[in-house]
Amino acid sequence: MTTYPTTTDCGATAVVRTHRRAAWIAGVVIAAGCASTSAPEFERPDVPTKTNWSADLGEEWSLELDWWRRFGDPYLEQLIATAIERNAELSVIAARSGVARAYVRRAEASLLPTVAAGARQSSVATDGTPKVDVSEYGIGSELSWEIDVWGKARRGVEAQEAAYQSSLADWRAAHLALVGDVATAYLQLRLIDEQVDRQQQAIQRGEEILSIYNDMHAEGLIAQTDPLRQESELNALRAGLIDLERSRQLAVNGLSTLVGEPAGNIAIPDTTEFFDISPVDVPAGLPSEILSRRPDLVAAEYRLLQAVNLNAQARLAQLPSIGLTSVGGTAAYNPTELFRTLTGTIGSFVRFPVFDPNVRARIRVSDAQIEVAETEYRAAVFRAFEEVENALTNVSKRKERNAELLKRIDNLAEAQQQLSDRTRLGLASYLDLLEGQRSLLNAQQDFLLNRWQTLIDTVTLFKAVGGGWPPEQVGAQTIG
């Protein structure tokens, strides 16, 4: 949460005490410096505590930044490397970080004096007799420096630095999301390729059965109903294959965009030729680590830190502005005599914001911005905990389901073998054999879908726990 302690500063004008000319400023500055001002101090907002997760993940190992290499798929690694290099959205966020860094430099410039220089030439015509045109030439410079006695300008620098750090965290979050999206799209593509392969096998078996049915019908052993039913089954399988081919093209188009290529410009080979991928474990760590590891939460904290600093800067604007001025130059009626006489003055100033409605308006706006930033951070924390818990549940339960589906496939395969033997002996019909094959195919497809979905959920879990980005402490320094 954000608190507003009372701070007092009575030593801000020691540098002017030795200047008799500016002694009058000392009293003003001391009085203003000792006046109470309320400036916010950054603290991480209160969020509900969470000490453990609802599911265990297995082996212990450190979460690497390039976590996707644990899948051991060189083609996936190649796609991710290309996406990181070429993805348009990631490049846009990187460019925004450059803009944020430039704002830091601009804020730092407010701590420095400003110097201006110029030259002039003027002519005056006299109205006497005779008339004379008189020209005057001059060169001068002016220095103005508002001394950051109260730290108002420094707060502005800190606010822009927080914005810059937030932009870097946004880039890391986008990097994590991009890698996760590429991995998810690629695993979905591999799932589709295996489904296509299984569908083609099912069509081939269906055509063989249809041929048998046609022969049996030609010999008068069965009615025409059975071949027609089998033909209808084949129509459904072929329609399913067309739909899978459509889904594959859409998946390739999505991958094209992610890797920075126009859709339709890349062709990804049949991934069934690639080696298999086995599920991997993910170390989630403690919930408290998630708060400092997930880039989106780090970015939300930095945005809150920026709002706190802007609020402090707005409040400090209620105090007097103190500065120095210096003017120097030379003037003459002849350009050749310009530098014979030099003049210069040094002065100081104090400006009081006696009535400036913008000051109070800025404070009200920055108060609201702090409240928004705190609310957004809390919402992001709740969302992060939910994402981790959902991913943990999905991975854990899908692994359990895999085991049950494997048992189902084994049982159906054994039953199908017995049914095939009975069919050869004339103890069962080919229709029974067809139904058994359909049940076995459905079970295999369920297992295939669940297995690849386990890998996709593992990617989601990697993203949810922060994807290997190191923890980052935001606002370690106190701002008073």
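Is W67 buried or exposed? In this predicted model, W67 counts as buried, because its relative accessibility is 1%, which is under the 20% limit for burial. The adjacent residue W68 is likewise assigned as buried, with a relative accessibility of 8%.

The rings of these two residues, W67 and W68, form an aromatic pair. Their centres are 5.8 Å apart and their planes meet at 80°, an edge-to-face arrangement. Seven aromatic pairs occur in the structure. Ring pairs also join W67 and W68 with F71 and F462 in a cluster.

Two members of that cluster, W67 and F71, recur in the packing of the interior. The largest nonpolar core has 66 residues, and those touching the most other members are W67, F71, V182, L187 and L461. Two or more residues of this core are supplied by each of α2, α3 (88-109), α4 (152-218), α5 (225-258), α6 (287-293), α7 (295-316), α8 (357-424) and α9 (430-464). The helix α4 provides the largest share, with 16 residues. A second core, separate from this one, consists of 13 residues, among them F42, A162, A373 and V474.

The surroundings of L187 were examined further. When residues up to four places away in sequence are not counted, L187 touches I277, W452, L455, I456 and V459.

I277 is also a contact of D73, an acidic residue located in the loop that runs between β2 (37-38) and α2 (74-86). D73 is classed as buried because its relative accessible area is 2%, again under the 20% limit. The side chain of D73 makes a polar contact with the side chain of R190, at 2.8 Å. With neighbours within four places in sequence left aside, the residues in contact with D73 are Y186, R190, F275 and I277.

Arginine side chains are also placed over aromatic rings. The charged end of R101 sits over the ring of Y164, at 4.8 Å from the ring centre. In a further case, R172 lies over the face of W469, and the distance to the ring centre is 6.0 Å.

Taken together, W67 is a buried residue that takes part in an edge-to-face pair with W68 and is among the residues touching the most other members of the largest nonpolar core. D73, in turn, is a buried loop residue whose side chain has a polar contact with that of R190.

Methods
Residues are numbered from 1 along each chain as its sequence is written. This is a predicted model: local features need pLDDT of at least 70, side-chain atom pairs count only at pLDDT 80 or more; totals for chains, interfaces and linings use all residues. Side-chain values use heavy atoms; hydrogens and water are left out. Helices (H or I, at least four residues) and strands (E, at least two) are DSSP runs, numbered from the N terminus. Buried means under 20% relative accessible area, exposed over 50%, partly exposed in between (1.4 Å probe, protein chains only). A polar contact is a pair of N or O atoms within 3.5 Å; within protein, one must be able to donate a hydrogen and the other to accept it, and residues adjacent in sequence count only if both atoms are side-chain atoms. Contact means heavy atoms within 4.5 Å. A nonpolar core is a set of buried Ala, Val, Leu, Ile, Met, Phe, Trp, Tyr and Cys residues joined through side-chain atoms within 4.5 Å. Rings of Phe, Tyr and Trp (its six-membered ring) pair if their centres lie within 6.5 Å; planes under 30 degrees apart count as stacked, over 60 as edge-to-face and the rest as tilted. A charge sits over a ring if NZ of Lys or CZ of Arg is within 6 Å of the ring centre and within 35 degrees of the ring normal.
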